[in-house]
Amino acid sequence: MSPTRVLVLNSGSSSLKYQLLDMRDGGRLAVGLVERIGEQTSRLRHTCLAGGDTREHSAPITDHDAALKAVSQELSRDGLGLDSPELAAIGHRVVHGGMFFTEPTVVDDEVLAEIERLIPVAPLHNPANLTGILTARALRPDLPQVAVFDTAFHTTMPESAARYAIDPRIADRHRIRRYGFHGTSHAYVSRETARLLGRTPEEVNVIVLHLGNGASASAVEGGRCVDTSMGLTPLEGLVMGTRSGDLDPAVIFHLARVGGMSMDEIDTLLNKGSGLFGLCGDNDMREIRRRIDEGDGQAELAFDIYIHRLKKYIGAYYAVLGRVDAVAFTAGVGENAAPVREAAVAGLEGLGLAVDPELNAVRADGPRLISPAGARVAVAVVPTDEELEIATQTYALVGSGTNDS
């Protein structure tokens, strides 16, 4: 029998998330997280889902090589090690693939070089993603390593949506265009939304709202992305946990010239000190809602700004698509914050958008509709599953021919 397991790795600058899945049914065999890599307080949390056994270890883990070796040891304790003949491939989340990578790709030296060349447009993410690939490749050089890119789903955007209105010679020289991110989530959720409606992805137009600490929206027409809110980097678009989202570029000049701030200081402000956190000191929507209930005006203003931007994108993408069959909320905030969903569509009844208060208040694990019966546009909550999407794309690429690679 051909191997059917895929290990999914999501390497951050100081963390390593992983899941082992069996692609015969998409079931998870193990999940885990290594955090604070390179510190004395490193921690590994591993769960074997077959027996429900969770193990935690706190000890210094010097680098990603040591982290992946520790993960391999934990998997081996459960009979699921990296040396297993049932392992078909390792799938890696890579944040930025530019325009070069439009689909999942088996990693070779040329692919590695291109991911490295894209570091200037993804300095926080691609170096860590690259490290994870190199580490896994060294441990299992015989196994296909597949890069699945956050940007790939958005490469179907027309040039009118992807281009900024600047000199194209300068833009092309420096690879400046709108790439978009969270692509695996938008792909998965748009497809699952169509399934929820009992239709094929080619038949439906969906606005996907991926609302987590990072947040993005996409307009998906017949299964293809035609617009998305994030741009050259994940800073553009919606108000996020710590990112500002859309901003007049002249604010940067003003902060530099009048505020005396350096480029690094402005970068840190807009990426780590803005958004909900910058507005009210909290980036946890649960805490913000608690503060609003207690009459906190600053928290209420932050929430209102967040919703105003979100509503603008819903309206904009309605115009881009022309016909909308569904609006799907996903990710941590989108799946769990009923007040956000209610406020986001409030006043949009003329567009056929509304939520049923009772359905919206229900907490459930699976995809569900929260719009009133007979609504012109379905409003849905669809839990995202980026790891399953990465594993699915990885296995579809290597399939039964793994051992011949």
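This passage describes a six-stranded sheet, a helix lying across it, a buried phenylalanine and two helix pairs. The model is predicted, so that local features need pLDDT of at least 70 and side-chain atom pairs count only at pLDDT 80 or more, while totals for chains, interfaces and linings use all residues. Residues are numbered from 1 along each chain as its sequence is written, and side-chain values use heavy atoms, with hydrogens and water left out.

Six strands form an open sheet of mixed pairing, in the order β11-β10-β9-β12-β14-β13. Helices (H or I, at least four residues) and strands (E, at least two) are DSSP runs, numbered from the N terminus, and two strands pair if DSSP finds at least two bridges between them. The edges are taken by β11 (224-228) and β13 (368-369); each has a single partner strand, so one side of each is left without a neighbour in the sheet.

Strand β9 (residues 205-211) runs parallel to β12 (residues 326-330), to which five bridges join it; V208 has A328 as its bridge partner in β12. With β10, by contrast, β9 runs antiparallel through seven bridges, and V206 is partnered by V220 of β10. The two strands β9 and β10 form a hairpin with three residues between them. A further hairpin, with two residues between the strands, is formed by β10 and β11, and G222 in its turn has a positive phi of about 60 degrees. Four bridges join the antiparallel strands β10 and β11, and C225 of β11 is the bridge partner of V220. Strand β10 is mostly covered, six of its seven residues being buried (buried means under 20% relative accessible area, exposed over 50%, partly exposed in between, with a 1.4 Å probe and protein chains only).

Helix α6 (residues 183-196) lies across β9, β10 (215-221), β12, β13 and β14 (378-381), and runs at about 130 degrees to β9. Axes are lines fitted to C-alpha atoms, for helices over the stretch in contact, and angles run from 0 to 180 degrees between N-to-C directions. Residue F153 belongs to the loop between β8 (145-149) and α4 (159-162). F153 is buried, with a relative accessible area of 16%. Leaving aside residues up to four places away in sequence, F153 touches G183, H186, A187, S190, V220, G223 and C225, contact meaning heavy atoms within 4.5 Å. The C-alpha atoms of F153 and R224 are separated by 7.6 Å, although these residues are 71 residues apart along the chain.

Two helix pairs were also examined. Helix α10 (residues 285-293) packs against helix α11 (residues 297-321) at an angle of about 125 degrees, with the axes 8 Å apart. The two helices α10 and α11 are therefore oblique to each other (angles under 35 degrees count as roughly parallel, over 145 as roughly antiparallel, 65 to 115 as roughly perpendicular and the rest as oblique). The contact involves M285, I288, R289, R291 and I292 of α10 together with Q298, A299, E300, F303 and Y306 of α11.

The axes of helix α1 (residues 64-77) and helix α3 (residues 126-139) come within 9 Å and cross at roughly 55 degrees, which makes α1 oblique to α3. Here the contact is made by H64, D65, L68 and K69 of α1 and by T131, T135, A136 and L139 of α3.
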